[in-house]
Amino acid sequence: RQMATKVSALSLNAKKRKGKKITMVTAYDYPSAVHVARAGIDIVLVGDSVAMVELGHETTQQLSMDHILHHCVSVNRGLEFVQSG
C-alpha cells in the first residue's frame, strides 16, 4: 500500500461511491502515527479513550482538553513526518 495522503470529506465520499473501503485506526502518539501513515490508512482517530488506554484512568471523564490536544499534536507530528518524507 502507498502512504496515505491528506483526505477530505469529498475524497472520502468519492471513494465510497467507487465502492472502495475506507480505513481508520486510532493512534495516540508519534510512533503510532508514523506506522499508521506508512500503512496508508485513510483516517487517524485520536479519541478520549487515550485516558484509559495510555493514561491508566478507569474512565474517560478525567481527560482534559489539554490532554487531548497534547496527543493530537503528537499524532499530527508523526503524520507530517511521513508526508514530508
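Analyst: Two residues are said to be in contact when heavy atoms lie within 4.5 Å, and with that in mind we can read this model, which is a predicted one.

User: What share of the contacts with a separation of 6 or more comes from residues 24 or more positions apart?

Analyst: Residues at least that far apart along the chain, 24 or more positions, account for 48% of the contacts in the protein with a separation of 6 or more.

User: How many helices and strands does the protein have, and what pattern do they follow along the sequence?

Analyst: The secondary structure comes to four helices and two strands, and, read along the sequence, these follow the pattern α-β-α-β-α-α. The C-alpha atoms fill a box of roughly 40 × 30 × 20 Å along the principal axes, and 28% of the 85 residues count as buried.

User: Which residues of helix 2 are buried, and why do they lie on the same side?

Analyst: The general idea is that an α-helix has 3.6 residues a turn, so residues three or four places apart point the same way. In helix 2, the buried residues are A33, V34, V36 and A37. They cover an arc of only 165° around the axis, and therefore they sit on the same side of helix 2. What covers these buried residues includes strand 1 (24–26), strand 2 (43–45) and helix 4. Just after helix 2, G40 takes a positive phi of about 80°.

User: At what angle do helix 2 and helix 4 pack, and how far apart are their axes?

Analyst: Helix 2 (residues 30–38) and helix 4 (residues 65–84) pack at an angle of about 40°, and their axes are 7 Å apart. Because angles from 35 to 65 degrees are neither roughly parallel nor roughly perpendicular, helix 2 is oblique to helix 4. The crossing of helix 2 past helix 4 is right-handed. On the side of helix 2 the contact is made by Y30, A33, V34, A37 and R38, and on the side of helix 4 by S74, V75, R77, G78, L79, F81 and V82. Sorted by character, the residues of this contact are eight nonpolar, two polar and two charged.

User: Is V73 buried, partly exposed or exposed, and where is V73 found?

Analyst: V73 is found in helix 4, and it counts as partly exposed because its relative accessibility is 44%. The C-alpha atom of V73 is separated by 21 Å from that of H57, which is 16 residues apart from V73 along the chain.

Terms used:
Residues are numbered from 1 along each chain as its sequence is written. This is a predicted model: local features need pLDDT of at least 70, side-chain atom pairs count only at pLDDT 80 or more; totals for chains, interfaces and linings use all residues. Side-chain values use heavy atoms; hydrogens and water are left out. Axes are lines fitted to C-alpha atoms, for helices over the stretch in contact, and angles run from 0 to 180 degrees between N-to-C directions. Angles under 35 degrees count as roughly parallel, over 145 as roughly antiparallel, 65 to 115 as roughly perpendicular and the rest as oblique. A crossing is left-handed if the near helix is turned anticlockwise from the far one by less than a right angle, and right-handed if clockwise. Ala, Val, Leu, Ile, Met, Phe, Trp, Tyr, Cys and Pro count as nonpolar, Asp, Glu, Lys and Arg as charged, and the others, Gly among them, as polar. Buried means under 20% relative accessible area, exposed over 50%, partly exposed in between (1.4 Å probe, protein chains only). The arc is that of the directions from the helix axis to the C-beta atoms.
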